[in-house]
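Student: I'd like a close look at the sheet in this one, please. Could you walk me through how the strands are arranged, what packs on them, and what sits around them?

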Amino acid sequence: MADDKRKEFVLSAVLDAVSTAESRDAFFMQLAADADGAMRAFLEDESTMVFQATVSGGAVRSSNVVSFDTASTCQVVLTKLRAGALRLADIPANVAVTSMSHSPVSALYHQLHSIYGP
């Protein structure tokens, strides 16, 4: 998957949402290795609609199932808006990116506060 623009998009979306300057390189190496195959499945598998990255401590885990880990620092979920392998033409219009810090309730509060709060 060298020079795969789709993979670059996923990596950038996740790293921009969850990493600090100090953690970016380490998180990049963990995600790019794709040890569990979650990113490959998201990019290539027609039935895989979700890619989730969860940061907990100094590690980032990825999966193709959305789960809310209350012990995590933050999470990013990418969702395909159409079934099928992710095409370059689908990016960014047909990929929804959602990020959450701490718990889903806390994330909802902060999103609503940033929209409606002073």
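Tutor: Sure, let's start with the sheet itself. It is an open one, built from 4 strands in the order E2-E1-E3-E4, and the pairing is antiparallel. The edges belong to strand E2 (59-63) and strand E4 (95-101); each has a single partner strand, so one side of each is left without a neighbour in the sheet. From one strand to the next, the twist averages 15°. Bear in mind that this is a predicted model. For the protein chain, the mean pLDDT is 88, with 92% of the residues at 70 or more. Among the elements, helix H3 (residues 38-44) has the highest mean pLDDT, 97, while helix H4 (residues 104-116) has the lowest, 72.

Now for the pairing. As a general matter, strands of a sheet pair through backbone hydrogen bonds, either parallel or antiparallel. Here, strand E1 (residues 50-56) and strand E3 (residues 74-80) run antiparallel and are joined by 6 bridges. If you want to trace that register by eye, take Thr54, whose bridge partner in E3 is Gln75, and then Gln52, whose partner in E3 is Val77. On to the E3 and E4 pairing: 7 bridges join these two strands, again antiparallel. There, Cys74 stands opposite Ser101 of E4. E3 is also mostly covered, with 6 of its 7 residues buried.

What lies across the strands? Helix H1 (residues 5-18) lies across E1, E3 and E4, and runs at about 150° to E3. Helix H2 (residues 24-33) lies across E1 and E2, running at about 25° to E2.

Side chains next. The count of aromatic pairs comes to 1. That pair is Phe42 with Phe51, at 6.1 Å centre to centre; with 45° between the planes, the geometry is tilted. Both Phe42 and Phe51 are buried. Phe42 has a charged visitor as well: Lys80 lies over the face of its ring, 5.4 Å from the ring centre.

Finally, two loop residues deserve a look. Thr73 lies in the loop between E2 and E3. Is Thr73 buried or partly exposed? Its relative accessible area is 40%, so Thr73 counts as partly exposed. Thr73 also pairs up in an interesting way with Thr54: the two are 19 residues apart in sequence, yet 7.7 Å apart in space, C-alpha to C-alpha. Recall that Thr54 is the residue whose bridge partner in E3 is Gln75.

The other loop residue is Asp90, found between E3 and E4. Asp90 has a relative accessible area of 2%, so Asp90 counts as buried, even though it lies in a loop. Which residues does Asp90 touch, leaving aside its neighbours within four places in sequence? Asp90 is in contact with Arg82, Ala85 and Val95.

Key: Residues are numbered from 1 along each chain as its sequence is written. This is a predicted model: local features need pLDDT of at least 70, side-chain atom pairs count only at pLDDT 80 or more; totals for chains, interfaces and linings use all residues. Side-chain values use heavy atoms; hydrogens and water are left out. Two strands pair if DSSP finds at least two bridges between them. Axes are lines fitted to C-alpha atoms, for helices over the stretch in contact, and angles run from 0 to 180 degrees between N-to-C directions. Contact means heavy atoms within 4.5 Å. Rings of Phe, Tyr and Trp (its six-membered ring) pair if their centres lie within 6.5 Å; planes under 30 degrees apart count as stacked, over 60 as edge-to-face and the rest as tilted. Buried means under 20% relative accessible area, exposed over 50%, partly exposed in between (1.4 Å probe, protein chains only). A charge sits over a ring if NZ of Lys or CZ of Arg is within 6 Å of the ring centre and within 35 degrees of the ring normal. pLDDT is the predictor's confidence in each residue, from 0 to 100.
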